[in-house]
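Please look over the sequence and the model shown here. The paragraphs after it go through one chain, a sheet and the nonpolar cores.

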Amino acid sequence: MTVYDLEAGHSARLKSFLGGDPSTRLRLMEMGLVRGAKVQVRKRAPFGGPIELRVDGYILSIRTADAKTMAVELAAT
Amino acid sequence: MKQIALTGNPNTGKTTLFNRLTGLNQKVANYPGVTVELRKGTTLFLDTETQIVDLPGTYSLVARSRDEAVTTEFLAGLNPGQQSPDVVVVVIDATNLLRNLYFSLSVLELKLPSVVVLNMMDEAEASGLKIDIAGLERHLQVPVVGISARNGTGIDKLRQTIEKTLASAEPQVFSRSWSYSQPVEKLTQQIRDQLPYPLGSDGVALWVLGSTAASLANQEAPEIVVHPQLAHAATIAKSGILDGATGVGEQLIEDRYQEARHIVDRVLDSSATDETHISDRIDAILLHPVGGLLIFVLTMGALFQGVFAWAEPFMTFIEETITVLQTVVHSIIPPGALADLLADGIVAGVGNVLVFLPQIAFLFAFISVLEDTGYLARAAFISDQIMARIGLHGRAFVPLLSGFACAVPAIMSARAIESPRDRLVTILVTPLISCSARLPIYTLIISSLFASEENVLGLFSVAGLMMLGLYLSSIAVTILAAWILKRTILRGPTPPLVIELPPYRMPSLVNLVQQVIERCKIFVSEAGTVILACSVMLWALLYFPSEIPQEFQLEEKQAVVLSNTLEGPEREDALISLQAEAKATQLRNSYAGRLGQAIEPIFVPLGYDWKIVVGIIGSFAAREVFVSTLSLVYGVQDGGDDPSPLRKRLRQQVHPKTGQPVFTPLVGLSLLAFFLLALQCMSTVAAIRRETQSWNWPLFALVYSGVLAWGTALLIYQGGQWLGFT
């Protein structure tokens, strides 16, 4: 399961990265998308547009292609 | 002079704090070698003038481009003749502690005297966040001050803390009490051993490691660690990463985040926070699939209207003032070359510079408000879908949109695009967008040469359809050019969209005023000089030699008119039109006229004669000048704003040899294409030079758009003739 598969409003913890561009991955990680980070999908733009995430208390938007590279496990809360 | 540097993530209110500390006593300096600006200001600390430098907001010290390396270079004092600042002030958004602490740790690791500022404490408290400041101080080992830069609370305490650090003989610096994972730690140690004194800090070694890992991860990235004193360390980092420690870049980030989380867990009590955020409710409207799009269109429409229309009366005012000044100059200085130089060269040139200020002011006022409120990031989020298709970032939308009003402020606003390469692509294609200065040319050509009033399908006029066609072509060409540039000389992947959507906040008037003044000042001092010089040069080309050639026999002709039977207004008219003819003859003999005749052969295949070429040369001062230059060349008496005498004259023009009309619809199309595509504007050239800090890029833009314009006009004219059109 990846961030992309999360429904709007649902939260999960980031588990690992699955491939993707290494340079983009470093950037995403520096923005707080590291293992164990709490990620909630806040909103999805229509027609495959960017996804809005709440990452440990702030809002970040990323492209769907990048959302597909982040594996998550559903959080208890 | 002692120096203090402000650093921090974007959207932390760093610039608001900077404005608080310096008043508006500040200026912008270009950082050498790159296109980054540093804002510098002064204030009194310990009763001594102290310089404050506002470093660009960044999420990371790790650099992906030379531009991003500026913060570390500046803090570590890597450039010759420059030392580390005396105090580093790290600005943190208290409502977003974790990510901000990640960045703060990387700065503190540089082991410089530092003060950490928790900004937006009022917001944090209001949302129920409790931060143990003393606890944070224990973890970070440097003073921590909670403030609200917007309200001014805590500023005095911050000033005292900075002064104490400045005065201290041995200020407390951070010292790491935890370890990175073993591979990171080992490689960092090896790198640190290669660093010359006084660079041997943890932070610099970790920066070299992180930046090297980032540049290895991105094949397109240039070498970032370019400093000779770091060369050896960078080699060690590179070989270390390639020899098996491939994951160190990621490991480093994870470890540091883990430490940041460790600290947050101990100093932050978020149990009382309200889970519903006000920004969520606003975003539910502003980012709504339908409503949000509508609001986006309205907002961008207002921004465009501001630059396009609201700036207009101010521009007219400036133009009228310049006209008055010219009259004044002519009335106090005896007629002659000096008066003409002052009035028509210099005063007009200054006018050419000042006339851009209203558009710049309106655009940056809008941008400042949109940025401060947090909507600009949302606008980028919304427009990213379209922009990503042509390989550009969502942030390229505002500059490209503004380009329809004027390329000059548009190019200046491209600064918001992070990646230098994408910023450059945006800057280079912006001149292709059909700006408002092209409108008078379109109008003149369409109304002179086409049955512009005629209806098509009973709905549209020919003129309206042609205008629409021009704008659509302009958009298509701009997209195509961006697409080609992104695949050729500025090749690079579509930039990752990683945009923070900051909480909605009230805009600040101080920030707005500061932005507007700053941009206007930069434009006048850096682009203005180039524009003024070009204006005077163009004036001289058209003015000298200023005598009316002997063979025109002006006096004889005047005598004929005077001795003829004409009386009253008719005689006046005859004299005025004789004067216009004389002026046209002077222009033909001027350097610009001779230049036009000399390069006429280049333009003959496009269907132009030398007079049009002179118009093209003259229009380099500003596209709309094409119309007035044509009036001069064709000896049309100044009809003010009424273009009909010129229109009539254009239709009458015939080739001296063939007797065929010069201005046919086909020539009209060819001219429209030329003006649509060519970078016929010295102010745009000056703006590109200022923003790219180089003459190469404006020259490149001139050449590529010139070739494109010439080629397209050629294709239209020759192809049209071949197909049998006239």
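This is a predicted model. Chain A contains 2 helices and 5 strands, arranged along the sequence as β-α-β-β-β-α-β. A compact globule of 77 residues would have a radius of gyration near 11 Å, and chain A agrees because its value is 11 Å. Its C-alpha atoms fill a box of roughly 30 × 30 × 20 Å along the principal axes. Of the 77 residues in chain A, 58% are buried. Chain A exposes about 3,200 Å², with 52% of that area supplied by carbon and sulfur atoms. Among contacts in chain A with a separation of 6 or more, 59% join residues 24 or more positions apart.

Strands of both chains enter one open sheet of 6 strands, in the order β5(A)-β1(A)-β2(A)-β3(A)-β4(A)-β12(B), with antiparallel pairing. At its edges are β5 (70-74) of chain A and β12 (498-500) of chain B, each of which pairs on one side only. Neighbouring strands are turned by 40 degrees against each other on average, direction ignored. Helix α11 (residues 278-286) of chain B packs on this sheet and touches β2, β3 and β4 of chain A; the helix direction makes about 30 degrees with that of β2(A).

Within the sheet, β2 (residues 38-44) and β3 (residues 51-55) of chain A pair over 5 bridges in the antiparallel sense. Here R44(A) stands opposite I51(A).

The largest nonpolar core has 116 residues, and those with the most contacts inside it include I360(B), F523(B) and F674(B). Beyond its neighbours within four places in sequence, F523(B) contacts residues including V353(B), I360(B), M412(B) and I531(B). Another core, of 96 residues, lies apart from it and includes M31(A), A67(A), V90(B) and Y102(B).

Technical notes: Residues numbered from 1 in each chain as written. Chains lettered and ligands numbered in written order. Predicted model: local features only at pLDDT ≥ 70, side-chain atom pairs only at ≥ 80, totals over all residues. Heavy atoms only, no water. Pairing = 2+ DSSP bridges. Helix = DSSP H or I, 4+ residues; strand = E, 2+ residues; numbered from the N terminus. Axes fitted to C-alpha atoms, helices over the stretch in contact; angles between N-to-C directions. Contact = heavy atoms within 4.5 Å. Core = buried A, V, L, I, M, F, W, Y, C linked by side-chain atoms within 4.5 Å. Buried < 20%, exposed > 50% of the residue type's maximum accessible area, 1.4 Å probe, protein only. Rg over C-alpha atoms; globule rule 2.2 N^0.38 Å. Areas by Shrake-Rupley, 256 points an atom, 1.4 Å probe, with all protein chains shown as cover.
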